Amino acid sequence: MCGIVGYVGQGQRSAVDVLMEGLHRLEYRGYDSAGIAVHEHGAISVRKRVGRVSELARLLDEQPLSGSLGIGHTRWATHGGISDVNSHPHLGGNGEVVVVHNGVIENYAALRERLQALGYAFRSTTDTEVIAHLIAHHLEEQLRLGQDGTDRKTILGAVQLALKSLKGTFGLGILFRDHPNLLIAARLGSPLVVGVGKHEYFLASDASPLAGYTDEVVYLSDHELALLTPQGMEFIHRDHGRTAPSITVLDQSAGDSELGDYPHYMIKEIYEQPTTIENALRGRLDDDAATAVFGGLNLNVQQLRRIDRIVLTACGTSWHAGLVGEYLIEEFARIPVEVEYASEFRYRNPPLSDTTMVFAITQSGETADTLAALRESQRKGHPTMAICNVVGSTIAREADGGIYLHAGPEIGVASTKAFISQVTVLALLALYMGRLRHLSHPAGGRIISHLRQMPDVIRKTLLCHDAVREIARKYQGTENCLYMGRGYNFPVALEGALKLKEISYVHAEGYPAAEMKHGPIALVDENTPSVFIIPQGTMYHKVMSNLEEVKARKGPIIAIACEDDEQIARIADDVIYVPRVEEYLYPLVTVVPLQLLAYHIALLRGCNVDRPRNLAKSVTVE
Ligand code: G6P
């Protein structure tokens, strides 16, 4: 939520180019408005505008900037409406300070009143502007006390005093009018990463803007500040003073985040799913022991055998993957599993024994509620693992251990390939925990061989694309839609409905098919299509009865069924055929046509599939 970039160099490249490229790559974090501030001819110049980064680029064409020091921001509005004036960067005092911010300042109203009483004039209605004025205020105070304003210590002191007054979360990039070579970053709760170059440094909310510039990064910790100049970097922690930075070498190329020949990231990522599964499986299948192998669980076999309950906590699509995980782990490992919304778990104080293992499932590794749930569980002494995509993200770093998805950057705001990856990893986890308990060697071997086939199965599933496109045309005008499935396909019904809601703004609800009779059936009429996920398996005839009930009430039916199903076309209005697989692997298969259906309906309705309104990829506020 909100993306921050920063750059300081000594003339080897244009700060504006770095900032604009970075903002494009971070746009998935927010796209209400965008802005940059650049140190130019001894002053700070700001350009900001409502709308996408491309709007800002147009503004810069009309009013160009140049310099070697700058900060930029792409906004997902929290406090204050979407307007040019509320866009970041925000100036403090008389323009001696400029700030970009990701996070929420909870006590901003009180601070604003105090600063207004001191004579500070507010231009915006954001919480961020209080930070800019607060720093300007402390700077002025230090100067009044006779400190040297050109001394970096004075600047640092002012920032530190300002940060002390803030309640809430922040990732900050700060520039000073009188320091043409200094960029300060500060973090509490909102992620920031410093890219290390040769006489140049980069700052960003995540590592994606750094690809192509540097692969050496330093992740800022909470309560840590970074002082960046072309001559070097310095890190200062609130409690530990100066700290030695720990440099991580990243493995990413700028190309991973490019669209290539695809028109949208969402469709690119849907088509990457066979490879995503391959990446999630790579090096993790042990044929001899008929089990999975994980490098990072950081618990020994004895400790893992003692686990008698698993809690999976997550938000959004990751929560849906968790639901599939519940079915998988309970079936193969016979360990009771609960799936908790992270936002509820963090405040609910559920009783957890010391043999409970908690997993936070998250694509970004930055979701505020999931992070808080992880910390709450760790505070109570539970081994807390992460199933995470973004290497080096806050959750990945803070978890006691975990499993990476290796899905590559997911840019489309509506999650697709991360879901497929999470389900694959959860299947591996179920296999692994099962083999530590009752699951036999042959049963483990069968699961391995089924999983190995999945990349090709998904390639085959994607052949339904043309059929889905046609069906989308037929239903593009619908305003309500029901999604129903049972067993392993119930979470897929939720996920299918979420996809449609997110990107096409059509009201959609997912239900376990049998629950239909307890409410949703009242919505059925000739204008409300029902999507039934009805592949061959133990639930087939049960779901078929539900389908008949909808048919009897004249509800249009779209069925996701197996390619060898000969009856379904007689009842359903439209059928999307998918390959037949083992029941527990259906979520990987049946979700694909639902992703495609949402994608095409959204396109036909003229929606922006990669940047749906009001949403953000990484939700770093509560
Ligand atoms: C946002 C995104 C969703 C995502 C959810 C959880 O709502 O738009 O696509 O599923 O956050 O994100 P996470 O990164 O924790 O998986």
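This short talk looks at one helix and the ligand that sits beside part of it in a predicted model.

Hi everyone, let's start with the helix. Helix α9 runs over residues 316-333, so to speak our home base today, and it has 18 residues. From its first C-alpha to its last it reaches 25 Å, which is close to the 26 Å expected at 1.5 Å a residue. Is α9 mostly covered or mostly open? It is mostly covered, with 13 of its 18 residues buried. Right after α9 comes R334, and its phi is positive, at about 55 degrees.

Now for the ligand. Which element gives the largest share of the shell around it? That is α9 again, with 3 residues. The ligand has 14 residues around it, and those that come nearest are S318, T362, Q363, S364 and T367. If you sort the shell by class, you get 8 polar, 4 nonpolar and 2 charged residues.

Let's zoom in on some contacts made by oxygen atoms of the ligand. At T317, a backbone N or O atom lies 3.0 Å from a ligand oxygen. V413 also uses a backbone N or O atom, and here the distance to an oxygen of the ligand is 3.1 Å. With T362, it is an N or O atom in the side chain, 2.7 Å from a ligand oxygen.

And how much of the ligand does the protein cover? On its own the ligand has 390 Å² of accessible area, and the protein covers 91% of that.

If you have the model open, find T362, one of the nearest residues, and look around from there. Thanks for listening!

Note on methods: Residues numbered from 1 in each chain as written. Predicted model: local features only at pLDDT ≥ 70, side-chain atom pairs only at ≥ 80, totals over all residues. Heavy atoms only, no water. Helix = DSSP H or I, 4+ residues; strand = E, 2+ residues; numbered from the N terminus. Expected span 1.5 Å × (residues − 1). Buried < 20%, exposed > 50% of the residue type's maximum accessible area, 1.4 Å probe, protein only. Near = heavy atom within 4 Å. Polar contact = N/O pair within 3.5 Å; in protein donor to acceptor, adjacent residues only side chain to side chain. Areas by Shrake-Rupley, 256 points an atom, 1.4 Å probe, with all protein chains shown as cover. Nonpolar A, V, L, I, M, F, W, Y, C, P; charged D, E, K, R; others polar.
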